[in-house]
Amino acid sequence: MNNIALLGFGTVGKGVFELLKDRRDVSITRVLDLPTKKEELGSLYSTKEEILQDENISTIIECMGGDTLAYEIIKEGLTRGKNVITSNKETVSLHFEEYLSLAQEHHCCFRFEASVGGGIPLLDPAYQISCFDQVERIEGILNGTTNFILSKMQKENLSFQESLKLAQEKGFAERDPSADLQGLDMVRKGVILSSLCYHKEIHNEDVIHFGIEHIDLDLIHDIQKRGKVLRFLMLSSYQEKLSLQVIPALLSPSHPLSQIQEEYNGVTLYCKNNSLVTLSGKGAGRYPTASAILQDLNHILEGAAPFRREKVSLLKNEVDMSGDYYVYDGKESKILSSPSFNTLSSYPFVAKIL
Ligand SMILES: NC(=O)c1ccc[n+]([C@@H]2O[C@H](COP(=O)([O-])OP(=O)(O)OC[C@H]3O[C@@H](n4cnc5c(N)ncnc54)[C@H](OP(=O)(O)O)[C@@H]3O)[C@@H](O)[C@H]2O)c1
C-alpha cells in the first residue's frame, strides 16, 4: 500500500480525495489543512511535522497554494526522499530548479502536471518531445478565466464586467482576478512550461506581460471588423535567444488557438522535426485538475523516469518585439511595426498580430 499525505482540502484537494478513495493500491492517511477543517477531517487531520516524520508516507500531494508553507514542506519532503506532486504554479515557478535537483539528489520524484494547463496532459508530453526533438516556439492559452471572458465578449457580445461576473459565478475567476487579468498567472505557467521544454532556467521577474484589464466592447468590435480573433497568450521561443512574453494577440480565424473557447486552455508547440503539436482541454476545475494529479501519481507508481535536469544555465529574457502590434488608446486603434517596449507600455491595450 502506498500511503499519501494530502496538503490542502479545498477545490482540488477534495477532488483528489474523492478520486482516490476507492483505490486499493493507494491510501490517503494524512491531510493537512487549517484548524477549521479539523472536525471534518477527523483522524486524518495532521500537522506538517507528523507528515514529514511519518516514514510510511511515500508521496505528498500539495494543493494548498501559496509559497511559504508549500516551499517548506516540498523541500523537506524531497530531502527525506518522499515523492512530491503539486498543482501549485506559484511555488513551482519560484523554486523549479531547486525542487528538480533535490528530487534527483534524493532519488525521488517531483511532478507538477496540474500546475500548467489544468487537466490537459501537457507537461509530460511536452517534456518527452523536448528530449528527442527541439521545441523552438510555444504559443499557449494558459488561463481559463481570461479565455472565458474573451470568448463571452466576442461570441455573445457581453461586456467585460458581465463576462467577469459570469466567470466568478461559475467559479473560474477568483474574487480578486487581477493576477489573471494582468497576465501574472500566465507568466508563472509560461516559465514552468518553457523551462521544461528548453531545458533552461528562467525567472518569473524577467518576463514581460501586458494585460486585458482595459478591454471593452468597442475594442472587440474593432478587432472583429479587422477579421481577427482576440486571445490572451503566453508566447515563448528559444533558438539562440530566449523570448518570453504574456500578451493579448490578434489571430486569424484559422489559427489553432482561435478555436479554444470559454474556460478551455490550448498550447501549440512548434518543433524542429515534428512541426506543430497542439494540445487542448479543460484548464481548471476540481476534477480536471485532480485528474492531472492522478496522472502524476500513476507515473510515480509505474516507476516512470523522472524529469532529468543536467546542469542548466540561466537564460536572460530578450523579448523579440519585431512584427506588427495593434494598439488601442481607449478611442482609436492603430498598427505599429516593431515598436519599442517603452512605446507599447504607453498604451492601455496592446496586442501582437500573429
Ligand atoms: N482550482 C483550480 O481549478 C486549480 C487548477 C490548477 C491549479 N490549481 C492550483 O491548486 C492549488 C489549490 O487550488 P484550490 O483551487 O484547490 O484552492 P482552495 O480551494 O483555496 O484550496 C486550498 C486549501 O488549502 C488550505 N490552505 C491554504 N493555505 C494553507 C495553510 N497555510 N495551511 C493549511 N491549509 C492551507 C485552504 O484552507 P482555507 O480554505 O481555509 O483557506 C484550502 O482548504 C493552488 O496552487 C492553485 O493555483 C487550482
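# A walk through a two-domain chain

Helix α12 (residues 286–301) lies across strands β1, β2, β3 (57–62), β4 (83–86) and β5, and runs at about 160° to β4. That helix is a good landmark to find in the structure above, which is a predicted model. We will start with the strands beneath this landmark, move to a helix packed on it, and then cross to the other part of the chain.

Let us begin with the strands. In what order do the five strands of the open sheet stand? Reading across, the order is β2-β1-β3-β4-β5, and the pairing is parallel. At the edges are β2 (26–32) and β5 (110–111), each of which pairs on one side only. As a reminder, the strands of a sheet pair through backbone hydrogen bonds, and they can do so in a parallel or an antiparallel way. For a close look at one pair, take β1 (residues 2–7) and β2: six bridges join these parallel strands. If you would like to find one bridge yourself, look for L6, whose partner in β2 is V31.

Now come back to α12 and look for a helix that packs against it. Helix α1 (residues 11–20) meets α12 at an angle of about 60°, and the two axes are 8 Å apart. The crossing of α1 past α12 is right-handed. Which residues make this contact? From α1 come T11, V12, K14, G15, V16 and L19, while α12 brings R286, Y287, T289, A290, I293 and L294. Sorted by class, the residues of this contact are seven nonpolar, three polar and two charged.

One residue in a loop also belongs to this neighbourhood. A114 lies in the loop between β5 and α6 (123–132). Is A114 buried or exposed? A residue counts as buried if 20 or more other C-beta atoms lie within 10 Å of its own. A114 has 31 C-beta neighbours inside 10 Å, so A114 is buried. Leaving aside residues up to four places away in sequence, A114 touches S87, T289, A292 and I293. T289 and I293 may look familiar, as they are among the α12 residues that meet α1. A114 also shows how folding can bring together parts of a chain: A114 and A290 are 176 residues apart in sequence, yet their C-alpha atoms are 7.6 Å apart in space.

Let us step back and see how the chain is divided. Domain 1 covers 2–111, and domain 2 is made of 123–283 + 313–353. The centres of the two domains, taken over C-alpha atoms, are separated by 31 Å. Where the domains meet, seven residues of domain 1 are in contact with seven residues of domain 2. On the domain 1 side, the touching residues are three nonpolar, one polar and three charged.

Next, follow the chain to strand β6 (residues 135–141). Five of the seven residues of β6 are buried, so the strand is largely enclosed by the rest of the structure. Which strands pair with β6? Six bridges join β6 to β10 (residues 264–271), in the antiparallel sense, and four bridges join β6 to β8 (residues 229–238), again antiparallel. R137 is a handy residue for seeing both pairings: R137 stands opposite Y270 in β10 and opposite S237 in β8. For I138, the residue opposite in β8 is S236.

From β6 you can trace the strands onward in two directions. Along the β8 route, nine of the 10 residues of β8 are buried, so this strand is mostly covered. β8 is joined to β9 (residues 242–251) by 10 bridges, and these two strands run antiparallel. One bridge to look for links L230 with L250 in β9. β8 and β9 form a hairpin, connected through three residues.

Along the β10 route, eight bridges join β10 to β11 (residues 275–282), which run antiparallel. Here L269 has V277 in β11 as its bridge partner. β10 and β11 also form a hairpin, with three residues between them.

Conventions. Residues are numbered from 1 along each chain as its sequence is written. This is a predicted model: local features need pLDDT of at least 70, side-chain atom pairs count only at pLDDT 80 or more; totals for chains, interfaces and linings use all residues. Two strands pair if DSSP finds at least two bridges between them. Two residues are in contact if their C-beta atoms, placed from the backbone, lie within 7 Å. Axes are lines fitted to C-alpha atoms, for helices over the stretch in contact, and angles run from 0 to 180 degrees between N-to-C directions. Domain bounds come from an automatic or database domain assignment. Ala, Val, Leu, Ile, Met, Phe, Trp, Tyr, Cys and Pro count as nonpolar, Asp, Glu, Lys and Arg as charged, and the others, Gly among them, as polar. A residue is buried if 20 or more other C-beta atoms lie within 10 Å of its own, exposed if 12 or fewer, and partly exposed in between; C-beta atoms are placed from the backbone. A crossing is left-handed if the near helix is turned anticlockwise from the far one by less than a right angle, and right-handed if clockwise.
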